[in-house]
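Got a model to pick through? Let's go over some of its backbone and sheet details together.

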Amino acid sequence: MNAYTSHDMTAKITHEHEDTTNSDNNLINDWQYTLAQPIEIGGIGVHSGRFIEVILHPAPADHGIVFERSDVSDRDSIIPGTIQFAVPHDLCTRIENKDGVGVNTIEHFMAAFHGIGVDNLRIEIDGPEMPILDGSASPIFNLLKRAGLARQNKLRQVITILKEVEVDMGDGVIAKLSPADSLEIDVSIQFDDQLIGHQSMSYSNTSQAFIDELADARTFCMLRDVEAMRNSGLARGGSLDNALVVHNGTVLNDGGLRTTDEFVRHKTLDCLGDLFLLGMAIKARLSASKPGHALSTNLLKTLMNTPDAFHIQSHEDAPDRGQWAYPEKAVAVHS
Ligand SMILES: [Zn+2]
């Protein structure tokens, strides 16, 4: 028996959807997965305005999500997508290694990996920022689905929250992790513009919920902020094709909103992506008020610095795991 099963995601999702009593449904007590084949994806970086090319390569079990800057040769080009490498950034999630080489705007990719359950990838990127695509995780999900997932020979590690950890950054910007049996995310946002106002959402992470509730929610900004960002050298690649732009109670984008609460759905998507910086399945309830990337990375660093607040369960290999193999070999077997 080969340890890898070339695996169509639709089949996985259908299976999980049918068997709602299966603990795999919440992506916690499940095998690790990688891609069944590499994916190439290109697009504009929202802040740099550059066209960026990315290749998502399959990677072995316990590898994690690791980025590699193919345009950097004079310094360390490897940056693991984990909280230890996250650095403060106002508008996106940035990871950076000790040589100062980093990648910006990883959050929507991380959300898709977390939502669907993709544990191990080597991500080759030829610039400093992941492409923004349409501002949501939908194009990423569609590519992952087309490539298919390969099941690996190890179960996921699971981090369990044992006691509350809270970060309060002032002005109602608060996040708290508390014990739960699976990953639950409660988000509330408050914006002056009447189109957004107060919105809240409670989300339970399963692959189906990710597809139904979060994947197509786009990032957003206020028209007045666009000029300010451009003046500080940001959002050079921003356009109505990759972000909702809100002004005086309306969106300027053709076609309007995908759902009336698209804003809080996107903020929940961002939280899901940032939580995956822990690099494993999570048993916790995240309660976040007015969240942003600085808040979520601050919360995760606080958690890591509070050792009695969590427990990490490492799974041993399953007894029927068969012969260990690289995914590339498995793809060859199944093609
Ligand atoms: Zn976002």
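What follows is a set of questions and answers on this predicted model.

Q: Thr-105 has a positive phi although it is not a glycine; is this residue buried or exposed?
A: Thr-105 sits in the loop between β9 (102-103) and α2 (107-116), with a phi of about 60°. Most residues other than glycine have a negative phi. The cut-off for burial is 20 or more other C-beta atoms within 10 Å. Thr-105 has 23 such neighbours, so it counts as buried.

Q: And Asp-171, another residue in a loop: is it buried or exposed?
A: Asp-171 lies between β13 (165-168) and β14 (174-178), and its phi is near 55°, a positive value in a residue other than glycine. A residue is exposed if it has 12 or fewer other C-beta atoms within 10 Å. Asp-171 has 9, so it counts as exposed.

Q: Which side chains of strand β4 point to the face where they are buried?
A: In a regular strand the side chains alternate between the two faces of the sheet. β4 (residues 51-58) follows that alternation, with Phe-51, Glu-53, Ile-55 and His-57 on the face where they are not buried. The buried ones, pointing the other way, are Ile-52, Val-54, Leu-56 and Pro-58.

Q: What is the bridge partner of Ile-55 in β10?
A: β4 pairs with β3 (residues 39-44) in the antiparallel sense over six bridges, and there Gly-42 has Glu-53 as its partner. β4 also pairs with β10 (residues 121-125), again antiparallel, over five bridges. In that second pairing, the partner of Ile-55 is Glu-124.

Q: Which residue in the turn of the β3 and β4 hairpin has a positive phi?
A: The hairpin has six residues between its two strands. In that turn, a phi of about 75° belongs to Gly-49.

Q: What distance separates the C-alpha atoms of Ala-150 and Ala-36?
A: Ala-150 is found in strand β11 (residues 149-155) and is buried, because 27 other C-beta atoms lie within 10 Å. Ala-36 is 114 residues away along the chain. Even so, their C-alpha atoms are separated by 4.7 Å.

Q: At about what angle to β17 does helix α5 run?
A: β17 (220-222) is an edge strand of an open sheet of three strands ordered β17-β18-β19, with mixed pairing. It runs parallel to β18 (residues 244-247), joined by three bridges, and Phe-220 is partnered with Leu-244. Helix α5 (residues 223-231) lies across β17 and β18, and its angle to β17 is about 90°.

How values were computed
Residues are numbered from 1 along each chain as its sequence is written. This is a predicted model: local features need pLDDT of at least 70, side-chain atom pairs count only at pLDDT 80 or more; totals for chains, interfaces and linings use all residues. Helices (H or I, at least four residues) and strands (E, at least two) are DSSP runs, numbered from the N terminus. Two strands pair if DSSP finds at least two bridges between them. Two residues are in contact if their C-beta atoms, placed from the backbone, lie within 7 Å. Axes are lines fitted to C-alpha atoms, for helices over the stretch in contact, and angles run from 0 to 180 degrees between N-to-C directions.
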